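Work through the exercises below with the sequence and the structure open. Each task is followed by a stepwise solution.

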Amino acid sequence: MLVSNWASLTDLIDNVIGDYKKINNSNPLDRTSAIEWAIYIMRECGVKTLNEMPPKHLVVTNNKVLIPTDLSMLNAIYIVSAPIGTETIGNDNTPLNNTWQRVAALQYVGGSRASFLCSDCKSLSVASPYTFTIQGPYLLFNFTDLDICIDYYGLVLDENGIPKYPDLPSVRECIQSYILYKWLHESYILDDIKDNKYQYLKAEYEERLRNAKAELLIPDMTEARNLVYNTRYRYARYRIPK
């Protein structure tokens, strides 16, 4: 399902703070982590957009880069270089006007986050000696110290650059439960809350995650039609003539 209505993540976190205070009688320490957890759980839910973002330039260090915060679906990754004779600026030798030259496309070879790839992702169909996988919050590569360019669809951002969340009750409840569960993890470790309360919160967020996935993964009419067309195209070569 492609999401069309979005709501403020900042307001949602404020609501979770109220729930946290009722349980722990104090303020949570870190709102930044709450945003990161919300982004993580939205990706786990399968939030998809067609909000095409400008290509993002990154430098592969130690064979990995951190997945961009606003990434919803990945379309392609390329190795890039500054065109010969182009004036560059900065420590990463960025060409003027950001005019990177695409050298080679990368091939996706698996990982734990295949749901990040859109259905027509170019990295699924290309054969390349340069490959990548997705593990946790990182893109992992079979090379290092090279410039790459990512084509992707991004989450909708508010005026402060913070991602919004899909305005659906199942997603809202899932994000609330997950942030509260993560915030109370330290209290659980320190034995400040009872085990049965913590386990209840864990079970609640897991159930709400299943509900959110069920709602978001239902294809709309356009997605369903594209799935049929893509399947027919992929298997056409194996069709036995009549």
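**Exercise 1.** Classify Gly110 by relative accessibility and describe its surroundings.

Solution. Gly110 has 21% relative accessibility, so it counts as partly exposed (buried is under 20% relative accessible area, exposed over 50%, partly exposed in between, with a 1.4 Å probe and protein chains only). The model is predicted: local features need pLDDT of at least 70, side-chain atom pairs count only at pLDDT 80 or more, and totals for chains, interfaces and linings use all residues. Residues are numbered from 1 along each chain as its sequence is written, and side-chain values use heavy atoms, without hydrogens and water.

Next, place the residue: Gly110 is in strand E8, residues 107–111 (strands, E, at least two residues, and helices, H or I, at least four, are DSSP runs numbered from the N terminus). Then list its contacts (heavy atoms within 4.5 Å): not counting residues up to four places away in sequence, Gly110 touches Phe132, Thr133 and Ile134. Finally, the C-alpha atoms of Gly110 and Ile134 are separated by 7.0 Å, at 24 residues apart along the chain.

**Exercise 2.** Give the strand order of the open sheet of 4 strands and identify its edges.

Solution. The order is E2-E11-E4-E7, with antiparallel pairing (two strands pair if DSSP finds at least two bridges between them). Strand E2 (56–59) and strand E7 (101–105) each have a single partner strand, so one side of each lacks a neighbour in the sheet. For one pairing in detail, take strand E4 (residues 71–81), which joins E7 in the antiparallel sense over 4 bridges. Tyr78 has Ala105 of E7 as its bridge partner.
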